[in-house]
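Please open the model in your viewer and keep the selection panel at hand. The tour below goes from one selection to the next and says what is found at each.

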Amino acid sequence: MKLHHLVETQQFDRDALRELFQLASSLEGKREESIKGKILASLFFEPSTRTRLSFESAMLRLGGEVITMESGDSSSQAKGETLEDSIKVINNYADIIVMRHAEVGSAARAAAVSKIPVINAGDGNMGQHPTQALLDLYTIQRELKREDGIHVAFVGNLKYYRSPRSLAYLLSKYKDIRVTFISAPELRMEDDVKGHLKENGVPFTETEDMTEGIKEADVVYQTRIAKEWIKNDAEYEKQRGRYIITRAVADAMKEGAIIIHPLPRVGEIEDAVDASPHAVYFRQVGYGLLVRMALLKTILSR
Ligand code: CP
């Protein structure tokens, strides 16, 4: 697989995904020196726990090194430097950039001026989060032990949430995939993603009824109502608490079905669900480290 910049999940085909996931599985529990001497610049202009620390951990586990900005506010963009100028400068210090930024399209803008690879760690409220989607798909295939014939129910905030958008583009690579979008009318999945599913023959339905929507699902993909992206407080309060996965909801899922979530959660999956056999979201975090190790190794060990 040839990979330089990683901006969106449309860059992958089925063979590339299989190759990446085989490498991810082979890296479980490993420490290597395969990218010794390489430096990752970790640029997070928005908050992150998992994406940032898992990329940094992945780099160290492969023998590489990390330079990092404390926050967007501590960079010279706070003085008015353009994103493009910052990226050109950081090209002198690192071999790869992992960047999260509040603007949709920022990863593509960075990639356009960067000689070193840029990995999109999330761009804007309606952009993409491709590495999250890759780890989501790895989780689904690893837990269900198959690639095809999977019904995924996305729940909650489907409008202002980049990970489900990215995953939808990956699901369309597989056979016999069905999708259910469960949300309030105000937070429905956008037409670009639905258009892509239609063009690729992936049947999907939209409903406000979570009980009905998850009954037949193999994967329940819960999301957070993102306060940082729903600026209207009244709207946020209206949506918060609308779709909660309680233990009773989890117990009603079909046998073998899984619950995933990009995390963080803020109440939309009750703690009591953690002990359910359907709960996979904390294992998903560990799979994320493997997928990010595989990505860094693929891009940097050429
Ligand atoms: N899932 C995810 O992107 O988490 P962070 O915001 O903590 O990186």
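Select V152 and V179 together: V152 stands opposite V179 in strand β6, where strands (E, at least two residues) and helices (H or I, at least four residues) are DSSP runs numbered from the N terminus. This is a predicted model, in which local features need pLDDT of at least 70 and side-chain atom pairs count only at pLDDT 80 or more, while totals for chains, interfaces and linings use all residues. Residues are numbered from 1 along each chain as its sequence is written, and side-chain values use heavy atoms, with hydrogens and water left out.

Widen the selection to residues 151–155, strand β5, and residues 178–182, strand β6, which pair in the parallel sense over 5 bridges; two strands pair if DSSP finds at least two bridges between them. To follow the chain from β5 to β6, add helix α6 (residues 162–171), through which it passes in a right-handed β-α-β crossover, meaning that, with the strands pointing away from the viewer, the path from the first strand over the helix to the second runs clockwise.

Now show the side chains of β5, where H151, A153 and V155 point one way and V152 and F154 the other, and all are buried, that is, under 20% relative accessible area with a 1.4 Å probe and protein chains only.

On to strand β8 (residues 219–222), which runs parallel to β5 and is joined to it by 4 bridges; here V155 stands opposite Q222. Select β7 as well, which is joined to β6 by 4 bridges in the parallel sense, with E206 as the bridge partner of F181.

Colour the whole open sheet next: its 5 strands follow the order β7-β6-β5-β8-β9, with parallel pairing. Because β7 (204–207) and β9 (258–260) stand at the edges with a single partner strand each, one side of each is left without a neighbour in the sheet.

Finally, select helix α5 (residues 130–144) and helix α11 (residues 281–300), whose axes come within 9 Å and cross at roughly 115°; axes are lines fitted to C-alpha atoms, for helices over the stretch in contact, and angles run from 0 to 180 degrees between N-to-C directions. Among the residues that meet here, with contact meaning heavy atoms within 4.5 Å, are L134, Y138 and R142 in α5 and Y287, V291 and L295 in α11. With α5 still selected, bring back the sheet, and this helix is seen to lie across β8 and β9, running at about 165° to β9.

Methods: Buried means under 20% relative accessible area, exposed over 50%, partly exposed in between (1.4 Å probe, protein chains only).
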